[in-house]
Amino acid sequence: MQTYEQELQQAKEFLLKHDDYLIVSHVQPDGDAVSSTVAVGWLLSRLGKKFTMMNEGVIPNRMKSLWHAEYIINMSEQPPQRTFTNVICVDCADFERVGRTKQYFTEDAAIVNIDHHPTNNRYGAINVVYPEAAATAEILFDLLNLFDIEWDIDVATAVYTGLLTDTGGFRYSNTSPKVMNIASTLLSYGVNGPKIAEYLLEEMTLPQLKVLVQALNTLHITSDGKVAWVHITPQHMIDSGAVSEDLEGIVNYPRNIQGVEVGILFKQLNNGAVKVSMRSAGKVNVAALAQSFGGGGHVRAAGFRLEGDLEDIMSKVVEQVRRAL
Ligand code: AMP
Ligand code: MN
Ligand code: MN
């Protein structure tokens, strides 16, 4: 077993040795996924390397101001005409998380897997997997520091954004002393912390508020008060005018009820599948639960997708959570 430092070193050597990289993150990318994608892109640009950034779907509007985020190819809209041999996957707990972008990896592609999920199964040729990191962006902070390049405000803002979003604004239990030290360093590079927090965590669009109201109207809680859940249907999305990224954070509402151990958001997708997000107050390991349903994540924040009827899935999942309590 290699140490974290050795893994970082291997990634560094790989990046220096090759050229023409593909950088991908997980489907329905969050703040950490986009930040990590552009941070790797920024590093490669400083190294004078050619690179392409890609995701299966759309980049959240709120992330579009990050450095070169507008160049992240949405492969569903602009399918690339070629494949890649050198692939860097960021914030992807398992290979399936890259979604359909894997169509553009060559058979013999060398994958660098950079991630912080404890459920990561080390699917890369090179794996920089560090579950102690609050965000993949934290690992990128360490990686970038191994190179002889000067930080600028663009990359500092990206890394700060990944840290901010994956720690829920420096509040969750993953907010380690190291996270605060890194944040402090990034602020000293000129990052505008309050502005980013206002924009990403405070400000809401009207559709976002409307879809929150609709979700809260579906609130259910078990008789012992320990499991609470809400759901969203495609009709809710239409009625509110909300987009996928507007659901970020809704799962915290059932979770934040006093006495609740696990909060769940069920999002019914257009194709009938259901995306399940789980948050734990600490007693229940939701990563293990999510893994038993084919997903993954962190001890206190995890998710998965199931095919089937919404009501069936809700009762099945709630039952499993109750058993885990
Ligand atoms: P979410 O509920 O989508 O905000 O995700 C919570 C955490 O679980 C994040 O760290 C995700 O990367 C992870 N996660 C969500 N869905 C999956 C999945 N299907 N497979 C593996 N990890 C997931
Ligand atoms: Mn993520
Ligand atoms: Mn992450």
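Biologist: What makes Asp91 a bridge, and how far apart do the two manganese ions, ligand 2 and ligand 3, lie?

Modeller: In this predicted model, Asp91 bridges the manganese ion (ligand 2) and the manganese ion (ligand 3), and the two ions lie 3.7 Å apart. The pair His26 and Asp91 links distant parts of the chain, since His26 sits in the loop between β1 (21–24) and α2 (31–46), while Asp91 sits in the loop between β4 (84–90) and β5 (105–115), 65 residues apart.

Biologist: Why are His26, Asp30 and Asp91 called donors of the manganese ion (ligand 2)?

Modeller: A donor here is an N, O or S atom within 2.8 Å of a metal such as this one. The NE2 atom of His26, OD atoms of Asp30, listed twice, and an OD atom of Asp91 lie 2.1 to 2.7 Å from the manganese ion (ligand 2), and therefore they count as donors under that cut-off. In sequence, the donor residues follow the spacing H-x3-D-x60-D.

Biologist: Are His26 and Asp91 buried or exposed?

Modeller: Both His26 and Asp91 are buried, which means that each has under 20% relative accessible area, counted with protein chains only.

Biologist: How do you know which residues surround ligand 1?

Modeller: A residue is counted if one of its heavy atoms lies within 4 Å of the molecule, and 14 residues surround ligand 1, the closest being His117, Lys275, Ser277, Arg279 and Gly296. The shell divides into three nonpolar, seven polar and four charged residues.

Biologist: What makes the approach of Arg97, Gly296 and His298 to ligand 1 a set of polar contacts?

Modeller: The cut-off for a pair of N or O atoms is 3.5 Å. A side-chain N or O atom of Arg97 is 3.2 Å from an oxygen atom of ligand 1, a backbone N or O atom of Gly296 lies 3.2 Å from a nitrogen atom of the ligand, and a side-chain N or O atom of His298 is 3.2 Å from an oxygen atom of ligand 1, so each pair qualifies. Of the 480 Å² of accessible area that ligand 1 has on its own, the protein covers 86%. Two or more residues of the shell come from each of β10 (273–280), β11 (296–297) and β12 (301–307), and β12 gives the most, with four residues.

Biologist: Why is the reach of α2 called close to the expected span?

Modeller: The expected span is 1.5 Å times one less than the number of residues, and for the 16 residues of α2 this is 22 Å, while the helix reaches 22 Å from its first C-alpha to its last. Mostly covered, α2 has 14 of its 16 residues buried.

Technical notes:
Residues numbered from 1 in each chain as written. Chains lettered and ligands numbered in written order. Predicted model: local features only at pLDDT ≥ 70, side-chain atom pairs only at ≥ 80, totals over all residues. Heavy atoms only, no water. Donors = N, O, S within 2.8 Å, 3.2 Å for Na, K, Ca; no water. Buried < 20%, exposed > 50% of the residue type's maximum accessible area, 1.4 Å probe, protein only. Polar contact = N/O pair within 3.5 Å; in protein donor to acceptor, adjacent residues only side chain to side chain. Areas by Shrake-Rupley, 256 points an atom, 1.4 Å probe, with all protein chains shown as cover. Nonpolar A, V, L, I, M, F, W, Y, C, P; charged D, E, K, R; others polar.
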